[in-house]
Amino acid sequence: MALSAGLQLRQSQSLVMTPQLMQSIRLLQFSHVELTRFIEQEVERNPLLELVSSENDQPDTVSEAAEPAKPQVAEGDLGEDATWAGNADSQAERMTSEIDARYENVFPDDHGTERVDQPEFIDNWKSMPGSDGGRSGEGYDLDDFAARAPTLRDHVAEQIAFAFAEPAERLIATELADQLDAAGYMVGDMAETVERLSADPEQVDGVLARLQEFEPAGLFARSLSECLALQLARKDRLDPAMAALVNNLELLARRDFAALTRICGVDEEDLLDMMAEIRALDPKPGTRFETGSSEMIVPDVSVRPSSDGGWNVELNPDTLPRVLVNQTYFTTVTGKMPKDAAGHDFLGECLQTANWLARSLDQRARTIMKVASEIVRQQDAFLLHGVDHLRPLNLKAVAEAIGMHESTVSRVTSNKYMITPRGVFELKYFFTVSIASAQAGGDAHSAESVRHRIRVLVDQEAPEAVLSDDDLVDLLKKAGIEIARRTVAKYREAMAIPSSVQRRREKRARARAAAV
């Protein structure tokens, strides 16, 4: 058998994930804030990209321009002030002749400095944005002068300055204040603090006790029980029964009312009143202060009813960054440099990247529009009648309808919001699990609409006829929803709805309290 070398021609196809293709896929799942941040970074790196402002549709770039001429102030524009300023030189000459001295000798501090009575100063002052000579506040944005909301650290530091006169105690109080979390709880170790400050443990405990008297009540607590106890003590409601209830919050979470009545020594009616007082307390007193800037949800898609009975689906222009490719700059610069220069290759790569980004943003907008339009078409009944008519929907159904892959639809619906007559919803809200109908050939129901029906049935039940999970299954089946008991229990627990036994006990106690 002889060995020989030969050439063979083979044709094949393969999908190659280029860096630009990977970036295009990433753009689909970017939220509005993430996309804006990404565009700003690209504009900084690429000299051919220009970000267009949505206000005047002009490129948001600064170009070199000639220095503007200094504005001229006509006599009479500022009344007497302008006349005085315009005659400043003549007044200085008259002063010189009257007192037989130069202006610089009379006012030596003003020599060589800019005078406030000079016309140039008055001109510049009058030309300030929103200024009409200093006599009106029109043109100023009052939000620029508004004080920022105080943080928890600022609020506590202000109280420490008035509560502690001794430097040692103030130092301990400042150290303890640094150990507060966003909710107002002490997260540090007291023993470690005592060792680090080399302080007396009793002194540190005393400082902490005084810090726990600060406003709002509940600050510097080391646990939820202590936080609630501090608030109750401030209201003079921390009696032995209430203290026992606060010390057994795990039983309250399990709604073990029998054990709580035995431990607290009260009946169910008193226990229900005590629970109402507990619910009125603030478990996180520190969250009422400014902790950082919160980002408001900006809907990407707007849905409005049209005159023909359908729906108008539009993209929100505020969430669509407008990017322009400066072809003129590229032509001008590359025409003045040799083709073998390094800058020529750099600008060529920048042009390619800029064109790709512009096309990717356009494709992203078109894809979002396709997905949103199909969701509106599928969930027309929800927009008209509410959550009871929310249809079951999955990614595959939308992907097949618009001719895209499921992964593309999943990326498009991530971190995107739609404003409708029913409110603002994330696009993923419209994708729910299908629950079969109890009737042959009937339409399936979405899991979200079933959860809503369970909530409505529980809210409408009477104290003497509390619905069990089996009762809920029967009522849902009569409404045409085939669902298992364990599924009802799972949905009920997910919505934090107690069991029928616990609801019966609460509603009976509440009814007795209302009768009294």
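Trainee: How do I read the pairing of strand β2 and β5: parallel or antiparallel, and over how many bridges?

Mentor: Strands of a sheet pair through backbone hydrogen bonds, in either a parallel or an antiparallel way. Here β2 (residues 301-305) and β5 go parallel, over two bridges. Pairing takes at least two DSSP bridges between the strands; strands (E, at least two residues) and helices (H or I, at least four) are DSSP runs numbered from the N terminus. Look for Val-301, which sits opposite Met-418 of β5.

Trainee: What should I know about the model itself?

Mentor: It's predicted, so local features need pLDDT of at least 70 and side-chain atom pairs 80 or more, while totals for chains, interfaces and linings use all residues. Numbering starts from 1 along each chain as its sequence is written, and side-chain values use heavy atoms, with hydrogens and water left out.

Trainee: And which strand is on β6's side of the sheet, and how does it run?

Mentor: β5 is joined to β6 by four bridges, and the two run antiparallel. They make a hairpin with two residues between them. On the β6 side, Val-424 is the bridge partner of Ile-419, and Glu-426 is that of Tyr-417.

Trainee: What is the strand order in the whole sheet, and which strands stand at the edges?

Mentor: It's an open sheet of four strands, ordered β3-β2-β5-β6, with mixed pairing. β3 (311-315) and β6 (423-426) are at the edges with a single partner strand each, so one side of each has no neighbour in the sheet. From one strand to the next, the twist averages 20°; such angles run from 0 to 180 degrees between N-to-C directions, with axes fitted to C-alpha atoms, for helices over the stretch in contact.

Trainee: Which side chains of β5 are buried?

Mentor: In a regular strand, side chains alternate between the two faces of the sheet. In β5 (residues 417-420), Met-418 and Thr-420 share one face and are buried, whereas Tyr-417 and Ile-419 point to the other and are not. Buried is under 20% relative accessible area, exposed over 50%, partly exposed in between (1.4 Å probe, protein chains only). Ile-419, at 34%, is therefore partly exposed.

Trainee: Which residues make a nonpolar patch with Ile-419?

Mentor: Ile-297 and Val-424 join Ile-419 in a nonpolar surface patch of about 230 Å². Areas are Shrake-Rupley with a 1.4 Å probe, and only the protein chains shown count as cover. Patch residues have over 30% relative accessible area and no salt bridge; like charges are joined within 9 Å, nonpolar side chains (Val, Leu, Ile, Met, Phe, Trp, Tyr) within 5 Å. A salt bridge is a Lys or Arg side-chain nitrogen within 4 Å of an Asp or Glu carboxyl oxygen.

Trainee: Where is the backbone unusual?

Mentor: Most residues other than glycine have a negative phi, and most peptide bonds are trans. Asn-415 has a positive phi of about 60° without being a glycine; this residue lies in the loop between α20 (406-412) and β5, and at 36% relative accessibility Asn-415 is partly exposed. Asp-236, also not a glycine, has a positive phi of about 60° in the loop between α11 and α12 (240-246); at 70% relative accessibility, Asp-236 counts as exposed. Glu-215 and Pro-216 are joined by a cis peptide bond, with omega about -5°, and Pro-216 is in the loop between α10 (201-211) and α11 (224-234).
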